[in-house]
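Visitor: I have a structure open and would like to go through it piece by piece. Can you take my questions as they come?

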Amino acid sequence: CDPPTATTISEKTPQPAAEPELAVTAGDTRPAPVDFKTTVVRINSTQQSWNPSQPWEKNQPSQRRALGAIVSPGRVLTTAEMVADATYLELESTDGTKFAQAKVVAVDYEVNLALLAAESEEEGKALFEGTNALEVAPPPSIGQAVEIFQVEDNGVPLLTAGLLQSIDVTSHFLPNQAFLTYMVKASMQSAASSYSLPVLQDGKLVGLLISYDAEDQISDVSSTDIINRFLSQATNGGYQGFPSLGVSVARTEDTSLRAWLKIPDNEGGIYVNNVRKKGSAQAAGIEKGDVILAVEGKKIARRGYYEHPTYGSLSWGHLVRGEKAVGDTITLSILRKGEPMEIKATLSREDENSKLVPTYEFGRAPNFLVKGGFVFQELSRNLLEAFGEEWTSRAPLNLLDAYENPEKFEEKADRVVFLSGSIPTPATIGYERLRNLIVRKVNGKEIRNMKSLIDAFGSNLNELHSIEFAEEDFTVYLDDNISTAVDSQLLKRGISRLSRAE
């Protein structure tokens, strides 16, 4: 369930704040009670992502350091950003005397949460001796005081006061993955382990600091609602994640659009402009062009918001992703060609591996093939982002089209395989400038993914390979004998491997 529009913190209209319950000035920092240190551990992470332009090798490693909250005996809550592409994770006592290699118990990149434990039972027993678990606080209200917990390198625990300024459904780590988030006004100071920090209220865990805007002094904090649901699944095992309806929607503020859709003036509604393949909505029979008027009896306004009994105006996506679980059934009141209907949908989680163009691939090496100097890859959002900050306008139009309109390609492919570049070799003479072309066929065989590409080249050994591209039925030819000799030389000159299809 995508939010009606993507907005930044500064673009949102703040909700009216109630009078704060505590006399607190945002940014005030005070020493924390010493026993607070028994409820947290430091997390050290070494991360190394894959190089998008040279998929056979990794980028230089980087380090991150955070303060994790102990939420149950031997279990530490942190953000998924801390474990993304991690090659080594370590838990450290706040006094720096005890260490334990960490393992991931559960991770959900969509909600940006991870649960860690010690890899070794012996190391974990020593590390967690004398520690206490933080209790998760009840959901706070707008205007209430919270405190961001830090522990400096010298072991001094600090609490920085903040005010819960607004609550909204926003994306923070991954695009189009919006969940209930607190916006906390606080003037943070630089301190150790500050990549992610626990946020407390009356000594209880109210959320995790996800990001901090130094200019506006606003912190995004994961909400207690989402943390509780994540922990309940992660602790019980068999983690399923958060469901999705599988639709993209648009507002219905335009009067001409409303007239065309035959929406009554006393109704709000959001327009379904895309139904994703194999999603909950498609299985339930929701169609492109439908108008969702209400979810579980909660009326949806023209801008996609509804009235939550506690939080006020929230994006409609929270009714699905924030309040329901995988396998739950929801009732949707819709308008189809002017006729009201009710549809029941059984919610499922959208599998990232099933997408034509994956949004994220943390911890998974990219598939690729180097053949005679041609470099073939499977398209992902990560590759598109390699075109720079303005990749949505700078990336090649054919690749953007595959990302934004996957339904045009899904019948013929499981993944988009494209020629990402050419290494100048005797086999690629005259083709050095070819790049960013989607592969349609090799040696007459349809290409559905990287494995099918590798198999297609392997079926025509010692012959002339034909490579057909989707763009203008363009075809190039590659001599197998020359390309095989080039491949042997590339392996000797530093390319660690020539292919991967996992």
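Guide: What follows covers a barrel, two helices and a few single residues, in a model that is predicted.

Visitor: Barrel first. How many strands close into it, and in what order?

Guide: Six strands close into the barrel, in the order β2-β3-β4-β7-β6-β5, and the pairing is antiparallel. Neighbouring strands of this sheet are turned by 40° against each other on average, with direction ignored.

Visitor: Which helix packs on that sheet?

Guide: Helix α2, residues 224–236, packs there and touches β3, β4, β6 and β7. The direction of α2 makes about 45° with that of β7.

Visitor: Back to the strands for a second. Over how many bridges do β2 and β3 pair?

Guide: Eight bridges, in the antiparallel sense, between β2 (residues 40–47) and β3 (residues 62–72). As one point of register, V41 stands opposite G68 in β3.

Visitor: OK, α2 itself. What does it reach from its first C-alpha to its last?

Guide: α2 has 13 residues and reaches 18 Å, close to the 18 Å expected at 1.5 Å a residue.

Visitor: Which of its residues are buried?

Guide: T224, I226, I227, R229, F230, L231, Q233 and A234. Just after α2 comes G237, with a positive phi of about 85°.

Visitor: Switching to α10. What span should it have, and how far apart are its ends?

Guide: α10 covers residues 480–492, which is 13 residues, so at 1.5 Å a residue it should span 18 Å. The end C-alpha atoms of α10 are 19 Å apart, which agrees.

Visitor: And which residues of α10 are buried?

Guide: D480, S483, V486, D487 and L490. They cover an arc of only 120° around the axis, so they sit on the same side of α10.

Visitor: Why would residues spaced like that point the same way?

Guide: An α-helix has 3.6 residues a turn, so residues three or four places apart point the same way.

Visitor: What covers the buried residues of α10?

Guide: The cover includes β22 (368–371), β27 (464–469) and β28 (475–479).

Visitor: What caps the N-terminal end of α10?

Guide: D479 does, with a side-chain oxygen 2.9 Å from the backbone nitrogen of N481. After α10 comes G494, whose phi is positive, near 125°.

Visitor: Now single residues. Where is S380, and is it buried or exposed?

Guide: S380 is in the loop between β23 (374–378) and α6 (381–385). S380 counts as buried because its relative accessibility is 3%, and the cut-off for buried is under 20%.

Visitor: What does S380 touch, leaving out residues up to four places away in sequence?

Guide: V357, P358 and E361.

Visitor: Same questions for H318: where does it lie, is it buried or exposed, and what does it touch?

Guide: H318 lies in helix α5, residues 317–322. At 3% relative accessibility H318 counts as buried. Not counting residues up to four places away in sequence, H318 touches V169, L180, Y306, H308 and E323.

Visitor: I also flagged the backbone at K262. What is its phi, and where does the residue lie?

Guide: The phi of K262 is positive, about 60°, although K262 is not a glycine. K262 lies in the loop between α3 (255–261) and β15 (270–275), and at 55% relative accessibility K262 counts as exposed.

Visitor: And K337: what is the phi there, and is the residue buried or exposed?

Guide: K337 has a positive phi of about 55° and is not a glycine either. K337 is in the loop between β20 (329–336) and β21 (339–346). With 74% relative accessibility, K337 counts as exposed.

Technical notes
Residues are numbered from 1 along each chain as its sequence is written. This is a predicted model: local features need pLDDT of at least 70, side-chain atom pairs count only at pLDDT 80 or more; totals for chains, interfaces and linings use all residues. Side-chain values use heavy atoms; hydrogens and water are left out. Two strands pair if DSSP finds at least two bridges between them. Helices (H or I, at least four residues) and strands (E, at least two) are DSSP runs, numbered from the N terminus. Axes are lines fitted to C-alpha atoms, for helices over the stretch in contact, and angles run from 0 to 180 degrees between N-to-C directions. Contact means heavy atoms within 4.5 Å. The expected span of a helix is 1.5 Å times one less than its number of residues. Buried means under 20% relative accessible area, exposed over 50%, partly exposed in between (1.4 Å probe, protein chains only). The arc is that of the directions from the helix axis to the C-beta atoms. A polar contact is a pair of N or O atoms within 3.5 Å; within protein, one must be able to donate a hydrogen and the other to accept it, and residues adjacent in sequence count only if both atoms are side-chain atoms.
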